[in-house]
Protein chains: 2
Amino acid sequence: MPKTKQFDEAEVLKKAEEVFNEKGYNGTSMDDLVRATGLSRSSIYDTFGDKHGLFLKALGNYQDGQNRAMQTLQAKTDSAKKKIRSIFDYMINDIVTDKARKGCMMVNANMELNCVDKDVAQMALTTMEEMEQQFTIWIKEGQAAGEISKKFPAKTLARNLYNNLMGLRVTGRNRPDYDTLRDITKVTLSLLDQ
Amino acid sequence: MPKTKQFDEAEVLKKAEEVFNEKGYNGTSMDDLVRATGLSRSSIYDTFGDKHGLFLKALGNYQDGQNRAMQTLQAKTDSAKKKIRSIFDYMINDIVTDKARKGCMMVNANMELNCVDKDVAQMALTTMEEMEQQFTIWIKEGQAAGEISKKFPAKTLARNLYNNLMGLRVTGRNRPDYDTLRDITKVTLSLLDQ
DNA sequence: TATCATTTGGAATAATCGTTCCAAAGTTAC
DNA sequence: GTAACTTTGGAACGATTATTCCAAATGATA
(Lines give C-alpha, C1' and ligand atoms only; values in the text may rest on other atoms or scores of the structure.)
Protein backbone atom coordinates (compact mmCIF):
# COMPACT_ATOMS: atom_id res chain seq x y z
CA MET A 1 0.00 0.00 0.00
CA PRO A 2 1.52 3.32 -1.04
CA LYS A 3 2.41 6.18 1.22
CA THR A 4 -0.29 8.79 1.36
CA LYS A 5 0.29 12.49 0.94
CA GLN A 6 1.55 14.09 4.09
CA PHE A 7 0.40 17.63 3.37
CA ASP A 8 -2.95 19.35 3.32
CA GLU A 9 -3.59 20.52 -0.22
CA ALA A 10 -5.83 23.37 0.86
CA GLU A 11 -3.11 24.65 3.17
CA VAL A 12 -0.56 24.47 0.39
CA LEU A 13 -2.83 26.38 -1.97
CA LYS A 14 -3.32 29.07 0.63
CA LYS A 15 0.43 29.49 1.04
CA ALA A 16 1.01 29.51 -2.69
CA GLU A 17 -1.76 32.03 -3.14
CA GLU A 18 -0.11 34.41 -0.73
CA VAL A 19 3.30 34.34 -2.36
CA PHE A 20 1.88 34.51 -5.89
CA ASN A 21 -0.27 37.44 -4.83
CA GLU A 22 2.64 39.31 -3.37
CA LYS A 23 5.19 38.77 -6.12
CA GLY A 24 3.01 38.17 -9.14
CA TYR A 25 3.18 35.09 -11.35
CA ASN A 26 6.44 35.77 -13.15
CA GLY A 27 8.04 37.32 -10.10
CA THR A 28 7.47 34.14 -8.06
CA SER A 29 10.08 31.40 -8.48
CA MET A 30 9.74 27.74 -7.70
CA ASP A 31 12.21 28.34 -4.87
CA ASP A 32 9.77 30.89 -3.44
CA LEU A 33 6.99 28.33 -3.65
CA VAL A 34 9.08 25.56 -2.10
CA ARG A 35 9.88 27.88 0.80
CA ALA A 36 6.36 29.21 1.20
CA THR A 37 4.63 25.84 1.08
CA GLY A 38 7.28 23.79 2.85
CA LEU A 39 6.94 21.17 0.13
CA SER A 40 9.62 19.61 -1.99
CA ARG A 41 9.69 20.22 -5.69
CA SER A 42 8.62 16.68 -6.42
CA SER A 43 5.54 17.09 -4.29
CA ILE A 44 4.59 20.30 -6.00
CA TYR A 45 5.08 18.91 -9.49
CA ASP A 46 3.40 15.60 -8.70
CA THR A 47 0.37 17.32 -7.25
CA PHE A 48 -0.10 20.33 -9.49
CA GLY A 49 1.69 19.46 -12.69
CA ASP A 50 3.76 22.60 -13.05
CA LYS A 51 4.06 26.19 -11.88
CA HIS A 52 1.23 27.32 -14.10
CA GLY A 53 -1.04 24.54 -12.89
CA LEU A 54 -0.40 25.51 -9.31
CA PHE A 55 -1.04 29.13 -10.14
CA LEU A 56 -4.40 28.46 -11.75
CA LYS A 57 -5.43 26.19 -8.90
CA ALA A 58 -4.42 28.81 -6.33
CA LEU A 59 -6.24 31.51 -8.27
CA GLY A 60 -9.41 29.43 -8.42
CA ASN A 61 -9.05 28.69 -4.74
CA TYR A 62 -8.67 32.37 -3.98
CA GLN A 63 -11.77 33.33 -5.90
CA ASP A 64 -13.80 30.51 -4.34
CA GLY A 65 -12.81 31.82 -0.92
CA GLN A 66 -13.86 35.33 -1.87
CA ASN A 67 -17.17 34.08 -3.22
CA ARG A 68 -17.90 32.05 -0.12
CA ALA A 69 -17.12 34.92 2.22
CA MET A 70 -19.34 37.28 0.29
CA GLN A 71 -22.05 34.65 0.07
CA THR A 72 -22.07 34.24 3.83
CA LEU A 73 -22.38 37.96 4.42
CA GLN A 74 -25.11 38.70 1.92
CA ALA A 75 -27.20 35.78 3.15
CA LYS A 76 -27.72 37.57 6.46
CA THR A 77 -30.33 39.87 5.01
CA ASP A 78 -33.29 39.77 2.68
CA SER A 79 -32.90 43.39 1.64
CA ALA A 80 -31.35 43.63 -1.82
CA LYS A 81 -29.84 46.97 -0.94
CA LYS A 82 -28.26 45.55 2.18
CA LYS A 83 -26.91 42.60 0.28
CA ILE A 84 -25.14 44.95 -2.09
CA ARG A 85 -23.88 47.05 0.76
CA SER A 86 -22.53 43.94 2.50
CA ILE A 87 -20.46 43.14 -0.59
CA PHE A 88 -18.91 46.59 -0.59
CA ASP A 89 -18.32 46.41 3.17
CA TYR A 90 -16.64 43.07 2.72
CA MET A 91 -14.42 44.45 -0.01
CA ILE A 92 -13.38 47.51 1.96
CA ASN A 93 -12.62 45.39 4.99
CA ASP A 94 -10.60 42.98 2.89
CA ILE A 95 -8.52 45.82 1.50
CA VAL A 96 -7.94 47.55 4.81
CA THR A 97 -6.96 44.38 6.68
CA ASP A 98 -4.51 43.30 3.97
CA LYS A 99 -1.38 44.21 5.86
CA ALA A 100 1.06 43.16 3.19
CA ARG A 101 -1.03 45.07 0.64
CA LYS A 102 -1.14 42.15 -1.71
CA GLY A 103 -4.39 43.20 -3.26
CA CYS A 104 -6.85 40.98 -5.07
CA MET A 105 -5.20 37.97 -6.68
CA MET A 106 -7.69 37.90 -9.53
CA VAL A 107 -7.17 41.54 -10.42
CA ASN A 108 -3.41 41.23 -10.07
CA ALA A 109 -3.27 38.13 -12.23
CA ASN A 110 -5.50 39.68 -14.85
CA MET A 111 -3.52 42.90 -15.06
CA GLU A 112 -0.24 41.01 -15.24
CA LEU A 113 -1.23 38.22 -17.58
CA ASN A 114 -4.35 39.08 -19.57
CA CYS A 115 -2.42 39.41 -22.85
CA VAL A 116 -0.33 36.28 -22.49
CA ASP A 117 -2.39 33.78 -20.53
CA LYS A 118 -5.79 32.87 -21.90
CA ASP A 119 -6.73 30.78 -18.86
CA VAL A 120 -6.35 33.77 -16.58
CA ALA A 121 -8.17 36.07 -18.95
CA GLN A 122 -11.04 33.61 -19.07
CA MET A 123 -11.22 33.22 -15.33
CA ALA A 124 -11.30 36.97 -14.86
CA LEU A 125 -14.05 37.39 -17.42
CA THR A 126 -16.13 34.61 -15.88
CA THR A 127 -15.73 36.07 -12.41
CA MET A 128 -16.79 39.46 -13.65
CA GLU A 129 -19.85 38.17 -15.45
CA GLU A 130 -20.98 36.10 -12.49
CA MET A 131 -20.67 39.02 -10.10
CA GLU A 132 -22.46 41.35 -12.47
CA GLN A 133 -25.21 38.79 -12.85
CA GLN A 134 -25.59 38.49 -9.11
CA PHE A 135 -25.81 42.26 -8.73
CA THR A 136 -28.39 42.34 -11.54
CA ILE A 137 -30.60 39.86 -9.73
CA TRP A 138 -30.44 41.80 -6.51
CA ILE A 139 -31.06 45.11 -8.19
CA LYS A 140 -34.10 43.73 -9.96
CA GLU A 141 -35.43 42.47 -6.66
CA GLY A 142 -34.72 45.79 -5.01
CA GLN A 143 -36.38 47.70 -7.83
CA ALA A 144 -39.43 45.45 -7.64
CA ALA A 145 -39.57 45.92 -3.87
CA GLY A 146 -39.22 49.66 -4.26
CA GLU A 147 -36.03 49.96 -2.24
CA ILE A 148 -33.76 50.57 -5.23
CA SER A 149 -34.27 53.31 -7.77
CA LYS A 150 -35.56 52.42 -11.22
CA LYS A 151 -33.59 55.21 -12.84
CA PHE A 152 -31.20 52.82 -14.59
CA PRO A 153 -31.71 49.38 -16.07
CA ALA A 154 -30.68 46.72 -13.56
CA LYS A 155 -27.94 45.33 -15.78
CA THR A 156 -26.38 48.73 -16.35
CA LEU A 157 -26.44 49.62 -12.70
CA ALA A 158 -25.01 46.20 -11.85
CA ARG A 159 -22.11 46.81 -14.19
CA ASN A 160 -21.44 50.17 -12.66
CA LEU A 161 -21.39 48.63 -9.20
CA TYR A 162 -18.93 45.98 -10.30
CA ASN A 163 -16.86 48.69 -11.93
CA ASN A 164 -16.73 50.48 -8.62
CA LEU A 165 -15.72 47.32 -6.80
CA MET A 166 -12.81 46.87 -9.16
CA GLY A 167 -11.94 50.53 -8.76
CA LEU A 168 -11.69 49.94 -5.03
CA ARG A 169 -9.24 47.13 -5.68
CA VAL A 170 -6.99 49.48 -7.60
CA THR A 171 -7.26 52.65 -5.54
CA GLY A 172 -7.21 50.71 -2.28
CA ARG A 173 -3.87 49.26 -3.33
CA ASN A 174 -2.40 52.74 -3.27
CA ARG A 175 -4.17 53.99 -0.20
CA PRO A 176 -5.89 51.37 1.96
CA ASP A 177 -7.64 53.92 4.15
CA TYR A 178 -10.94 52.84 5.62
CA ASP A 179 -12.59 56.27 5.75
CA THR A 180 -11.63 57.12 2.20
CA LEU A 181 -12.95 53.86 0.82
CA ARG A 182 -16.12 54.25 2.86
CA ASP A 183 -16.70 57.74 1.43
CA ILE A 184 -16.17 56.54 -2.10
CA THR A 185 -18.64 53.74 -1.51
CA LYS A 186 -21.24 56.07 -0.02
CA VAL A 187 -21.27 58.02 -3.22
CA THR A 188 -21.51 54.84 -5.27
CA LEU A 189 -24.35 53.43 -3.22
CA SER A 190 -26.23 56.69 -3.47
CA LEU A 191 -26.99 55.51 -6.99
CA LEU A 192 -29.36 52.96 -5.50
CA ASP A 193 -31.42 55.66 -3.86
CA GLN A 194 -32.80 58.00 -6.45
CA MET B 1 34.68 64.00 -31.25
CA PRO B 2 32.52 61.14 -30.07
CA LYS B 3 29.90 59.32 -32.05
CA THR B 4 26.43 60.56 -31.30
CA LYS B 5 23.52 58.34 -30.42
CA GLN B 6 21.91 56.89 -33.50
CA PHE B 7 18.50 56.25 -32.02
CA ASP B 8 15.60 58.42 -30.93
CA GLU B 9 15.14 57.94 -27.18
CA ALA B 10 11.45 58.78 -27.30
CA GLU B 11 10.91 56.12 -29.94
CA VAL B 12 12.79 53.56 -27.90
CA LEU B 13 10.76 54.36 -24.81
CA LYS B 14 7.57 53.93 -26.78
CA LYS B 15 8.64 50.49 -28.00
CA ALA B 16 9.77 49.44 -24.54
CA GLU B 17 6.51 50.68 -23.09
CA GLU B 18 4.54 48.47 -25.44
CA VAL B 19 6.40 45.28 -24.67
CA PHE B 20 6.49 45.96 -20.91
CA ASN B 21 2.79 46.66 -21.01
CA GLU B 22 1.99 43.46 -22.81
CA LYS B 23 4.18 41.06 -20.85
CA GLY B 24 4.55 42.83 -17.51
CA TYR B 25 7.84 43.77 -15.89
CA ASN B 26 9.03 40.33 -14.82
CA GLY B 27 7.62 38.66 -17.90
CA THR B 28 9.67 40.89 -20.19
CA SER B 29 13.26 39.82 -20.80
CA MET B 30 16.16 41.88 -22.01
CA ASP B 31 16.00 39.85 -25.22
CA ASP B 32 12.40 41.02 -25.64
CA LEU B 33 13.53 44.60 -25.16
CA VAL B 34 16.46 44.25 -27.56
CA ARG B 35 14.08 42.90 -30.19
CA ALA B 36 11.33 45.42 -29.56
CA THR B 37 13.60 48.46 -29.56
CA GLY B 38 16.08 47.30 -32.18
CA LEU B 39 18.88 48.44 -29.87
CA SER B 40 21.88 46.50 -28.70
CA ARG B 41 22.23 45.63 -25.07
CA SER B 42 25.07 48.09 -24.64
CA SER B 43 22.93 50.93 -25.89
CA ILE B 44 20.11 50.04 -23.55
CA TYR B 45 22.38 49.77 -20.52
CA ASP B 46 24.36 52.85 -21.40
CA THR B 47 21.26 54.93 -21.83
CA PHE B 48 18.97 53.65 -19.11
CA GLY B 49 21.26 52.02 -16.58
CA ASP B 50 19.45 48.72 -16.25
CA LYS B 51 16.14 46.99 -16.90
CA HIS B 52 14.49 48.62 -13.94
CA GLY B 53 15.69 52.06 -15.00
CA LEU B 54 14.26 51.57 -18.45
CA PHE B 55 11.01 50.36 -16.96
CA LEU B 56 10.58 53.38 -14.72
CA LYS B 57 11.47 55.73 -17.55
CA ALA B 58 8.98 54.02 -19.87
CA LEU B 59 6.32 54.11 -17.19
CA GLY B 60 6.85 57.81 -16.59
CA ASN B 61 6.79 58.37 -20.33
CA TYR B 62 3.53 56.48 -20.59
CA GLN B 63 1.86 58.48 -17.87
CA ASP B 64 3.11 61.77 -19.33
CA GLY B 65 1.56 60.78 -22.64
CA GLN B 66 -1.73 59.99 -20.96
CA ASN B 67 -1.69 63.27 -19.07
CA ARG B 68 -0.94 65.30 -22.19
CA ALA B 69 -3.71 63.64 -24.17
CA MET B 70 -6.24 64.26 -21.43
CA GLN B 71 -4.99 67.80 -20.98
CA THR B 72 -5.52 68.54 -24.65
CA LEU B 73 -9.07 67.22 -24.58
CA GLN B 74 -10.27 68.91 -21.43
CA ALA B 75 -8.83 72.26 -22.55
CA LYS B 76 -11.41 72.39 -25.35
CA THR B 77 -14.16 73.43 -22.99
CA ASP B 78 -14.76 75.74 -20.05
CA SER B 79 -17.52 73.59 -18.61
CA ALA B 80 -16.27 71.62 -15.62
CA LYS B 81 -18.79 68.89 -16.32
CA LYS B 82 -17.65 68.62 -19.91
CA LYS B 83 -14.03 68.49 -18.84
CA ILE B 84 -14.81 65.52 -16.64
CA ARG B 85 -16.80 63.88 -19.38
CA SER B 86 -13.93 64.35 -21.81
CA ILE B 87 -11.62 62.45 -19.46
CA PHE B 88 -14.01 59.51 -19.33
CA ASP B 89 -14.49 59.64 -23.10
CA TYR B 90 -10.75 59.60 -23.56
CA MET B 91 -10.40 56.62 -21.24
CA ILE B 92 -13.13 54.63 -22.96
CA ASN B 93 -11.67 55.36 -26.35
CA ASP B 94 -8.21 54.38 -25.17
CA ILE B 95 -9.52 51.05 -23.91
CA VAL B 96 -11.58 50.24 -26.97
CA THR B 97 -8.83 51.10 -29.46
CA ASP B 98 -6.23 49.04 -27.59
CA LYS B 99 -6.16 46.14 -30.03
CA ALA B 100 -3.59 44.07 -28.19
CA ARG B 101 -5.54 44.67 -24.96
CA LYS B 102 -2.45 45.74 -23.11
CA GLY B 103 -4.38 47.88 -20.69
CA CYS B 104 -3.01 50.80 -18.70
CA MET B 105 0.69 50.49 -17.99
CA MET B 106 0.40 52.30 -14.66
CA VAL B 107 -2.38 50.05 -13.41
CA ASN B 108 -0.63 46.94 -14.67
CA ALA B 109 2.66 47.92 -13.09
CA ASN B 110 1.00 48.79 -9.82
CA MET B 111 -0.95 45.55 -9.62
CA GLU B 112 2.11 43.51 -10.48
CA LEU B 113 4.70 45.31 -8.42
CA ASN B 114 3.10 47.36 -5.64
CA CYS B 115 4.40 45.05 -2.90
CA VAL B 116 7.95 44.69 -4.19
CA ASP B 117 8.82 47.93 -5.97
CA LYS B 118 8.54 51.15 -3.97
CA ASP B 119 9.25 53.33 -7.00
CA VAL B 120 6.25 51.97 -8.83
CA ALA B 121 4.01 52.18 -5.79
CA GLN B 122 5.02 55.80 -5.33
CA MET B 123 4.41 56.69 -8.96
CA ALA B 124 0.96 55.11 -8.86
CA LEU B 125 0.05 56.96 -5.67
CA THR B 126 1.27 60.27 -7.08
CA THR B 127 -0.66 59.76 -10.29
CA MET B 128 -3.80 58.98 -8.34
CA GLU B 129 -3.51 62.00 -6.08
CA GLU B 130 -2.86 64.34 -8.97
CA MET B 131 -5.86 63.10 -10.90
CA GLU B 132 -8.09 63.27 -7.85
CA GLN B 133 -6.88 66.79 -7.21
CA GLN B 134 -7.65 67.80 -10.77
CA PHE B 135 -11.16 66.35 -10.51
CA THR B 136 -11.63 68.16 -7.20
CA ILE B 137 -10.79 71.49 -8.77
CA TRP B 138 -13.20 70.94 -11.63
CA ILE B 139 -15.97 69.75 -9.37
CA LYS B 140 -15.58 72.79 -7.15
CA GLU B 141 -15.80 75.01 -10.20
CA GLY B 142 -18.83 73.12 -11.44
CA GLN B 143 -20.52 73.32 -8.06
CA ALA B 144 -19.82 77.04 -7.86
CA ALA B 145 -21.21 77.50 -11.37
CA GLY B 146 -24.27 75.44 -10.53
CA GLU B 147 -23.66 72.78 -13.16
CA ILE B 148 -22.57 70.07 -10.74
CA SER B 149 -24.57 68.93 -7.76
CA LYS B 150 -23.49 69.93 -4.28
CA LYS B 151 -24.74 66.70 -2.77
CA PHE B 152 -21.25 65.43 -2.05
CA PRO B 153 -18.09 67.23 -1.01
CA ALA B 154 -15.91 67.88 -4.06
CA LYS B 155 -13.03 65.79 -2.78
CA THR B 156 -15.25 62.78 -2.10
CA LEU B 157 -16.92 62.97 -5.47
CA ALA B 158 -13.52 63.40 -7.13
CA ARG B 159 -12.30 60.24 -5.48
CA ASN B 160 -15.35 58.35 -6.61
CA LEU B 161 -14.79 59.51 -10.17
CA TYR B 162 -11.19 58.39 -10.09
CA ASN B 163 -12.33 55.11 -8.60
CA ASN B 164 -14.64 54.65 -11.57
CA LEU B 165 -11.86 55.46 -14.02
CA MET B 166 -9.70 52.76 -12.50
CA GLY B 167 -12.65 50.41 -12.55
CA LEU B 168 -12.92 51.00 -16.29
CA ARG B 169 -9.28 50.03 -16.66
CA VAL B 170 -9.96 46.70 -14.99
CA THR B 171 -13.34 45.80 -16.44
CA GLY B 172 -12.38 47.12 -19.87
CA ARG B 173 -9.48 44.69 -19.88
CA ASN B 174 -11.92 41.81 -19.75
CA ARG B 175 -14.50 43.27 -22.09
CA PRO B 176 -13.41 46.29 -24.16
CA ASP B 177 -16.90 46.98 -25.46
CA TYR B 178 -17.67 50.59 -26.26
CA ASP B 179 -21.40 50.51 -25.48
CA THR B 180 -20.92 48.75 -22.18
CA LEU B 181 -18.27 51.19 -21.01
CA ARG B 182 -20.41 54.10 -22.17
CA ASP B 183 -23.37 52.83 -20.14
CA ILE B 184 -21.25 52.36 -17.05
CA THR B 185 -19.97 55.89 -17.45
CA LYS B 186 -23.42 57.35 -17.91
CA VAL B 187 -24.41 56.03 -14.54
CA THR B 188 -21.23 57.37 -12.99
CA LEU B 189 -21.65 60.82 -14.48
CA SER B 190 -25.26 60.96 -13.31
CA LEU B 191 -23.68 61.63 -9.92
CA LEU B 192 -22.78 65.09 -11.15
CA ASP B 193 -26.40 65.93 -11.83
CA GLN B 194 -28.41 65.72 -8.65
C1' DT C 1 8.32 -7.96 9.82
C1' DA C 2 7.75 -7.83 4.82
C1' DT C 3 5.76 -5.90 0.81
C1' DC C 4 4.21 -2.40 -2.09
C1' DA C 5 3.70 1.82 -4.27
C1' DT C 6 3.70 6.26 -3.55
C1' DT C 7 5.89 10.44 -1.45
C1' DT C 8 9.81 12.97 -0.41
C1' DG C 9 14.33 15.38 -0.71
C1' DG C 10 17.26 17.57 -3.26
C1' DA C 11 20.76 17.21 -6.95
C1' DA C 12 21.15 17.62 -11.94
C1' DT C 13 19.83 19.60 -16.27
C1' DA C 14 19.31 22.73 -20.13
C1' DA C 15 17.72 27.06 -20.88
C1' DT C 16 17.15 31.66 -19.75
C1' DC C 17 18.17 35.63 -17.16
C1' DG C 18 20.27 40.49 -16.33
C1' DT C 19 24.56 42.40 -16.68
C1' DT C 20 29.40 43.05 -18.04
C1' DC C 21 32.89 43.22 -21.31
C1' DC C 22 35.60 44.80 -25.20
C1' DA C 23 36.88 45.24 -29.97
C1' DA C 24 34.90 47.23 -34.03
C1' DA C 25 32.51 51.01 -35.82
C1' DG C 26 31.22 55.69 -36.46
C1' DT C 27 31.17 60.83 -35.89
C1' DT C 28 33.46 65.10 -35.45
C1' DA C 29 37.37 68.19 -35.38
C1' DC C 30 41.82 69.21 -36.91
C1' DG D 1 44.07 61.03 -43.27
C1' DT D 2 44.61 60.94 -38.08
C1' DA D 3 43.13 61.42 -33.34
C1' DA D 4 39.76 61.30 -29.83
C1' DC D 5 35.81 59.61 -27.79
C1' DT D 6 31.56 57.71 -27.69
C1' DT D 7 28.27 54.22 -29.61
C1' DT D 8 27.37 49.75 -31.19
C1' DG D 9 27.19 44.63 -31.65
C1' DG D 10 27.03 40.67 -29.59
C1' DA D 11 29.71 37.21 -27.01
C1' DA D 12 30.78 35.94 -22.30
C1' DC D 13 29.60 35.55 -17.60
C1' DG D 14 27.63 34.00 -13.19
C1' DA D 15 23.23 33.48 -11.40
C1' DT D 16 18.67 31.99 -11.66
C1' DT D 17 14.88 29.50 -13.70
C1' DA D 18 11.35 25.61 -14.33
C1' DT D 19 11.57 20.97 -14.78
C1' DT D 20 13.36 16.27 -14.60
C1' DC D 21 15.39 12.60 -12.32
C1' DC D 22 16.06 8.94 -9.00
C1' DA D 23 17.32 6.85 -4.68
C1' DA D 24 15.87 7.05 0.02
C1' DA D 25 12.13 7.31 2.96
C1' DT D 26 7.72 6.21 4.49
C1' DG D 27 2.75 5.04 5.33
C1' DA D 28 -0.60 1.48 4.76
C1' DT D 29 -1.72 -3.16 4.72
C1' DA D 30 -1.30 -8.13 5.37
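These are my notes on a helix pair in chain A and on the protein surface around DNA strand D, all from a predicted model.

**Entry 1: H3 against H4, chain A**

I looked up how helix H3 (residues 41–48) of chain A sits on helix H4 (residues 51–74) of chain A. Their axes are 8 Å apart and the packing angle is about 65°. Angles from 65 to 115 degrees count as roughly perpendicular, so I put H3(A) and H4(A) down as roughly perpendicular to each other. I also checked the hand, and the crossing of H3(A) and H4(A) is left-handed.

Next I listed who makes the contact. H3(A) brings Ile44(A), Tyr45(A) and Phe48(A), while H4(A) brings Lys51(A), Gly53(A), Leu54(A) and Lys57(A). Sorted by class, the contact of H3(A) with H4(A) has four nonpolar residues, two charged and one polar.

**Entry 2: around DNA strand D**

Which residues come nearest to DNA strand D? Out of 25 residues around the strand, I get Met1(A), Met30(A), Lys51(A), Pro2(B) and Ser42(B). The class split for this surface is ten polar, eight charged and seven nonpolar.

I then asked what part of the strand is being touched. Sugar or phosphate accounts for 60% of the strand D atoms within 4 Å of the protein, and bases make up the rest.

**Entry 3: phosphate contacts of strand D**

I pulled up three pairs involving phosphate oxygens of DNA strand D. A backbone N or O atom of Gln6(B) is at 2.8 Å, an N or O atom in the side chain of Ser43(B) is at 2.9 Å, and a polar backbone atom of Thr28(A) is at 3.4 Å. By element, H3 of chain A and helix H3 (41–48) of chain B each give two or more residues to the surface near strand D. H3(B) gives the most, with four residues.

Definitions and conventions
Residues numbered from 1 in each chain as written. Chains lettered and ligands numbered in written order. Predicted model: local features only at pLDDT ≥ 70, side-chain atom pairs only at ≥ 80, totals over all residues. Heavy atoms only, no water. Axes fitted to C-alpha atoms, helices over the stretch in contact; angles between N-to-C directions. Parallel < 35°, antiparallel > 145°, perpendicular 65-115°, else oblique. Left-handed = near helix turned anticlockwise from the far one by under 90°. Contact = heavy atoms within 4.5 Å. Nonpolar A, V, L, I, M, F, W, Y, C, P; charged D, E, K, R; others polar. Near = heavy atom within 4 Å. Polar contact = N/O pair within 3.5 Å; in protein donor to acceptor, adjacent residues only side chain to side chain.
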